[in-house]
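Hi everyone, thanks for coming. Today I'd like to walk you through a ligand and the pockets of one protein, so please have a look at the screen.

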Amino acid sequence: MPTSLTSLTIRPFRPEDEDAVIRLWQDCDLLRAYNDPHRDIERKLAVQPELFLVGLLAGEIVAGVMAGYEGHRGWLNYLAVAPDHRRRGFGRQLVAEAERRLQKLGCPKINLQVRHTNVQAMEFYRRLGFAVDEVASMGKRLCDDQAHQNQ
Ligand SMILES: CC(C)(COP(=O)(O)OP(=O)(O)OC[C@H]1O[C@@H](n2cnc3c(N)ncnc32)[C@H](O)[C@@H]1OP(=O)(O)O)[C@@H](O)C(=O)NCCC(=O)NCCS
């Protein structure tokens with residue numbers, strides 16, 4: 001059942017949302033050459049698809065977040081609010097709904113990664129009660145989406 005928060009309607013992603021969500025990511029500068037957005041969506045639909053949320057206004061997708069829980073930490077990725085709809089509390093509403101769903105699964109803490117240069121997103125998250133953890137973020141690529149595209 002979709003959750004309605006003021007005028008933003010929040011519900012899990014549906015396959016027919018794909019083009020609109022990728023356009024939203026593009027408008028929010030979240031696309032990176034090393035991430036194939038179609039494959040990212042395909043992978044998310046295979047793992048906890050109910051934690052991939054979109055926010056709609058009058059039936060149009062204006063926001064989205066991809067959350068997940070691996071049994072120890074919850075994660076937020078691809079948080080986006082369309083540029084024309086920012087500073088109206090929609091980002092806060094979407095994260096609150098993701099938090100609610102993660103908490104329901106027993107998740108004790110959320111982690112997320114923000115680029116050091118993305119000071120606006122860091123300030124946004126601070127306002128929502130997130131703090132910078134004094135840890136280094138490390139990563140290792142297990143699959144090269146670009147190589148896959150070229151096959
Ligand atoms: C970050 C983002 C999701 C915020 O969405 P939003 O709907 O504008 O945020 P909200 O209106 O819900 O704001 C919530 C709080 O954050 C603050 N905030 C939001 N954007 C801010 C900004 N650019 N600078 C400072 N504070 C900001 C608001 O003032 C508000 O604080 P308050 O409730 O204490 O008054 C949106 O700017 C975005 O999509 N950015 C591009 C994509 C991105 O960087 N995603 C995160 C990747 S890690």
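Let's begin with a single contact: a nitrogen atom of the ligand lies 2.8 Å from a polar backbone atom of Leu-79. Please keep in mind that this is a predicted model.

Two side chains come in as well. An N or O atom in the side chain of Asn-118 is 2.8 Å from an oxygen atom of the ligand. For Arg-86, the distance from a side-chain N or O atom to an oxygen atom of the ligand is 3.5 Å.

How much of the ligand does the protein bury? On its own, the ligand exposes 930 Å², and 80% of that is buried by the protein.

Now for the neighbours. The ligand is surrounded by 20 residues, and the closest are Leu-79, Arg-87, Gly-89, Arg-92 and Asn-118. So we meet Leu-79 and Asn-118 again in that list. Sorted by class, this shell holds nine nonpolar, five polar and six charged residues.

Which elements give two or more residues to the shell? They are strand 5, residues 74-81, helix 3, residues 90-104, and helix 4, residues 119-127. Helix 4 provides the largest share, with five residues.

Let's step back to the empty space. Rolling a probe the size of a water molecule over the atoms shows where such space is left. Here, the ligand takes up the space of the largest pocket, and that pocket has a volume of about 2300 Å³.

The largest pocket is lined by 48 residues; those closest to its centre are Leu-76, Asn-77, Tyr-78, Leu-79 and Gln-113. Helix 2 (37-46), strand 4 (60-69), strand 5, helix 3 and helix 4 each give two or more residues to this lining. Strand 5 gives the most, namely seven residues. By class, the lining counts 22 nonpolar, eleven polar and 15 charged residues.

And the runner-up? The second largest pocket has a volume of about 840 Å³. Its lining has 26 residues, with Leu-112, Gln-113, Ala-131, Val-132 and Asp-133 closest to the centre. At least two lining residues each come from helix 3, strand 6 (110-112) and helix 4. Here the classes are 15 nonpolar, six polar and five charged residues.

One detail to take home: Gln-113 is among the residues closest to the centre of the largest pocket, and it is also listed for the second largest pocket. Thanks for listening!

Methods
Residues numbered from 1 in each chain as written. Predicted model: local features only at pLDDT ≥ 70, side-chain atom pairs only at ≥ 80, totals over all residues. Heavy atoms only, no water. Near = heavy atom within 4 Å. Polar contact = N/O pair within 3.5 Å; in protein donor to acceptor, adjacent residues only side chain to side chain. Areas by Shrake-Rupley, 256 points an atom, 1.4 Å probe, with all protein chains shown as cover. 1 Å grid on protein atoms, 1.4 Å probe; cavity = no way out; pocket = protein on both sides within 12 Å on 5 of 7 lines; lining within 4 Å. Sits in = over half its atoms within 2 Å of the grid points. Helix = DSSP H or I, 4+ residues; strand = E, 2+ residues; numbered from the N terminus. Nonpolar A, V, L, I, M, F, W, Y, C, P; charged D, E, K, R; others polar. Points joined across faces, edges and corners; volume = space filled by probe spheres on them.
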